[in-house]
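Subject: Structure for your review

Dear colleague,

I am passing on the structure below, and after it you will find my notes on strand pairing, aromatic contacts and surface. Please read them next to the coordinates.

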Amino acid sequence: MVCPVSSVKRLLLEAGMLLRRTWTLRRRGCTAPLLLIGVAVCLLYQMLVVDRSGFKSSGGGPTPHHKNRSLMSPLEHRRLLQDPEKLVSALDAFQVDKVNSKRRVGVAVVLTGRLVPTATEVQLYQRVLTQHGYWVDRDRYAETSTTPGERYGGGWNLLMCLKGSERGCLRKISFSTLHPDQRVNIIPALSQAFSEVGGVCSFLTNGRLAGLNLPIIPSACGNEGANQKGLHSFKGEDWHPTVHPPHSSAKQQSVTMVTVYVLVSSLQPLTAFLHHTGLVMSPGETNSQVAQNSKRRVGVALVLTGRLVPTATEVQLYQRVLTQHGYWVDRDRYAETSTTLRQERDGGGWNLLMCLKGSERGCLRKISFSTLHPDQRVNIIPALSQAFSEVGGVCSFLTNGRLAGLNLPIIPSACGNEGANQKGLHSFKGEDWHPTVHPPHSSAKQQQSVTMVTVYVLVSSLQPLTAFLHHTGLVMSPGETNSQVAKLQQFFLKQLGPAESQRGLAEMRRVVLEVLLAATLSSQQADSPHSCRLCFQWLTFTLSFNTSLSAVVVKVQTDVDVQGLSDPVFDGQIRKELILEDGLHFLFEAHRTLQNALRLVEPVQPELREQYGGCEWTNSLCLPPDELLLLIQIRQKLKSPGPFEVLYPQDTSEASTLSQLLAQRFQLAKDDGKTPVFWNLVGQLFKYHHEVKVQSRASAGLRSDGSQDSGTGEGRCVDPHLRQIYTDPPLVLNPQFDPRVKEYRAEVPFDMVTLRVRPEPFSPFCHVHLDEQRGPRVVNYPVGLGNSRINILVMDEWEWEQGAEPVVMTIYTLRVFREARPSLPMFAEYVMCGFIQDCGLVVRPEQPCGLEPLRGVKSSGEVQAEHRPPCTSGDVPGRWVVPCLSCADNRTCDWREVAWQPDSCYHPVLERPQLQQCMMGRKVLFIGDSTNRGMMYYLMERVNVTLEDWDKAHDTVLYRDLNQGRTPISYSYYPQFWLQQASRPTFQRALEQLIHRSRPLSNSPQTVLVAGGVQWLNINHIKTIQQVLEREGLQNIVVVVKSLGMGFHLAVDGIHSLSLAQLQGLDHVNRDILNHAKHYGYEVVDTFSITMGRYKEFLQGRCACHFHEVAKPSFSAPEHSTLHILRTASDTESERTGAAGTSMSSSDPMDHSSSWSVSNTSYHVRGPVNQVYAEILLSRLCTTRRHGGNRTFRNHD
């Protein structure tokens, strides 16, 4: 009766509202009959709507009638339990009905707590709940919300209590009286259980848990910051006395923290779900990383990096690939120092051990291979390492007496350390053969014309021997000194043709296999235990082919070796990592099924063996676990070989005579009725897959020579990600490289002035270009001081080949910060040192290089020197001076105090008011390249205090508002190198255009022309200036010639680089320019001498010639605002007496503390070297207006 009564109430309310509306209409002129008809129609409609809503209500639950209909009889319930498919179908149908329904399922109230309504988490709840059919209402806390506070708990169907509102929900909501269709995102029992009581989790105080060794520390519960120490420095003492600590103390200091997320969907009955994403923090790290655990972890992989640094790309490769295959990866340096290996005496604690470069010997000493667990694997096979070791200059396996008389195709000295047999790679001749080994049947001329082929073999197991040959190798043709990467089959086909290529490939396989069989069989013993049957090892064989296609092994290494390439840093490392990655995928794709197979194999009880046909193991093949695992692995490898081909086992019909002799001499497999079964199964597998391979090759149109009738073109770039970013020198990227991360940062020291970068994509169909779409793939970058940015474009050029524009798929960004020169703070006792040039680049051999003590300068206190007059020219010889503890070590200098000091005079430095007065009413014209432009912007900032406008102008620019509009400046870029030679304007034309754009000009010192650049200026340009000024009637203006500068001295891709001899010749050209300029009465600034000693301190730019940059200022004052002056004793005296021209305050000569302020639109010119020669320019412009004592520049950047 509840539903009909409530319906009547709602009907009466609706009727009342309707009557009020009708009375309003009546007053507006409606007649009574019309009103009665309208009331009747409305009442009828309302009854129909109420009746319908009783059965299909969107705001509440079903009616009692429908509740009864939804109940199932016990018989129907039993049928669903007996037939799960019907139960699943019913649930699926119910879900489909819910999905298809467009009606709202109820009201959801989201209590945001401490979160603001615009927080992304609040928006998430709003969006997802709306998608699922809820009306979403928001409030802050349960205490202030009107909806949850209704007396009977109604008015909502879902309550979400977010951060900070949980306690209010627990106090306000009566969970015991909630309606069946009401849900809350809090389970009070769990909240209470995991609360903190006296520093201990509440549920641990339950007496019924006494004596149980629960895997939780008592202080695990509580507020967010109570137990943060457990995330960073958890140790054994953090454990409760009643809870046993881990079974080793050393392990406690090297722990991995894993955070997982569990969703408890109901408490009675308990149903919980684990999310596949978590947070992990490896030992030594301070921050967690997001990790996926959707794939079940197959075990723990321990990578011993050896001599490789943890940030090496090879180490990152193992980390990435092994993680992809389900391993938890831990790293250490050596086996002797590994806590994982040291603490696990029983061999447990790891499933895969990777011993990288330099750690192999430690692994051989530390690991007991005969006692390894069946599921443990190592990337070393001790028998092979021993067989290919060197004993007295001979390969160890060749000393086995049972190999006597066999003509093995290997020189005895092929084994050993990396450099022992390098001569075999370049100058191998017949006399290098051992007397017992017959040389190839060819003449001496043929023996000297050899082709070196390096192949890579992956031995995936030793008992039985299974070996696979990688399809890529290194080849070095006769007359060449470097190897090339090549597909072996394609190389032989190209060099020998279809017929002979197959003979060359067969010879290569035969030689490698015979040597491998001899080493394997001679190192095994009949009674040796079958240990580590899943261990694997890489081998590198270098073969020498003569013109008769006879081959011999001249070098064997027990790892992947890529020596001999023209670019070993990039090509060698990339090729090595590609081969290693192929091997890892090849090995561990098959390993995924091994764990399941191991659990399915159990020993058969003796009394039940008759039921299993006499088998000792519960599988149809009667194989023990290790042999079954190995057989499954072999099957997987044969099914999907990838870039490998089977080297062994081979078809018995294809075995060479020497292979058959080896098999006869080494009878290792006894006929015990068990081992031959396994060998027969392996043989059957290889035979079957060999037949399938032949059939597939025939159906694919492959001829017997291995070539294909029709090839396919290149594909599209569908995976536009980088495999790795290779750099030389190697960079430590932050964050560590991940193909999914696009932004990286790195810091380099001051002495690193160039950086080679080569990104490598995953897909060969993706093309990589640096900085621009047509940029190079490999670039040698100059790294300027401060920040540099390198853009890496991953592009799809398939459409470009069809005539369309290439498509940029992904952009990676590498930001490199080069540190300033290391500086030691100046102490009370120091010496003043000077230098003209750096010993790393001696441009003037007749002059000394490096730091030298300055004569006549004391070691402390004020700098004392003889009185010096103002300089009369801007090319007066000078040197850089810097305070040091010792001039013998530049690391003891305070490079923040380095200054330029002329030898016999000083360049006056003007106060800002003096400079503004000097430049009042003068027009300054600049013509030159970006180095000249840097001086111009420095002048503008010095005069105006701040630089309000700038750009990298490559044309003519006019600035009219300088110095309150009283010092106009114009600039013209020259030369315009980006234009074709025939289209470039000449210097004469560019100068004339600048003069015409800058008029009116006065033929007096009030007009100033500054000309010069980095290295394009010559004496002809000086003559052109004189001729143009005479024609334009400006022969009386001030002309300042900025001389050449350092640059183009680094070997950078894409630009012309100068050799040392060319730089020395440039110094002589610079001297001629200065002399010719002074001959015409022009002022000069010798920027070459100033930049020569500090050539490493260039800023951004490919030319390494920019000693300035314009950027937004920092919170500190600009560098010229902290310019200091070195004073002589006479300077100090003049300051006290107030002599004209020498009066200088002890504070900053350009102190802008009262007027300088940084606006959002202001810029600052950085660069201490540019500052020095720009100040010399200003000094020369105003030299007649100021005189003073001996002063030199000191600057801070």
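Strand β26 (residues 743–748) and strand β31 (residues 807–818) run parallel and are joined by six bridges, where strands are DSSP runs of E with at least two residues, helices are runs of H or I with at least four residues, both are numbered from the N terminus, and two strands pair if DSSP finds at least two bridges between them. This is a predicted model, in which local features need pLDDT of at least 70 and side-chain atom pairs count only at pLDDT 80 or more, whereas totals for chains, interfaces and linings use all residues. Residues are numbered from 1 along each chain as its sequence is written, and side-chain values use heavy atoms, with hydrogens and water left out.

Within the pairing of β26 and β31, Val748 stands opposite Arg818 of β31. Strand β31 is also joined to strand β30 (residues 786–796), by 11 bridges in the antiparallel sense, and there Asp796 has Val807 as its bridge partner. The charged end of Arg818 sits over the ring of Phe750, at 4.9 Å from its centre; for this, NZ of Lys or CZ of Arg must be within 6 Å of the ring centre and within 35 degrees of the ring normal. Arg821 likewise lies over the face of Trp895, 4.1 Å from the ring centre.

Trp895 also takes part in an aromatic pair with Phe835, which is edge-to-face with 5.7 Å from centre to centre and 70° between the planes (rings of Phe, Tyr and Trp, the last by its six-membered ring, pair if their centres lie within 6.5 Å, with planes under 30 degrees apart counted as stacked, over 60 as edge-to-face and the rest as tilted). Because Phe835 lies in strand β32 (residues 831–835) and Trp895 in the loop between β34 (878–884) and β35 (899–902), the pair ties together parts that are 60 residues apart in sequence. Phe835 is buried at 5% relative accessibility, and Trp895 is buried at 10%, where buried means under 20% relative accessible area, exposed over 50% and partly exposed in between, with a 1.4 Å probe and protein chains only.

The structure holds 18 aromatic pairs. In one of them, the rings of Phe536 and Phe588 have centres 6.3 Å apart and planes at 85°, so this pair is edge-to-face. Phe536 lies in the loop between α16 (488–523) and β22 (537–545), and Phe588 in helix α17 (residues 568–591), so the pair ties together parts that are 52 residues apart in sequence. Phe536 is buried, with a relative accessible area of 2%, and Phe588 is buried as well, at 1%. Ring pairs also link Phe468, Trp538, Phe586 and Phe644 into a cluster.

Strand β22 pairs with β23 in the antiparallel sense over six bridges, with Leu543 opposite Val553 in β23. The two strands form a hairpin with five residues between them, and Leu549 in the turn has a positive phi of about 65°. Strand β23 (residues 551–557) is mostly covered, since seven of its seven residues are buried.

Elsewhere, an open sheet of four strands has the order β13-β12-β14-β15 with parallel pairing. Its edges are β13 (327–332) and β15 (377–378), each with a single partner strand, so one side of each is left without a neighbour in the sheet. Strands β12 (residues 299–304) and β14 (residues 352–355) pair in the parallel sense over four bridges, and Ala301 stands opposite Leu352 in β14.

With kind regards
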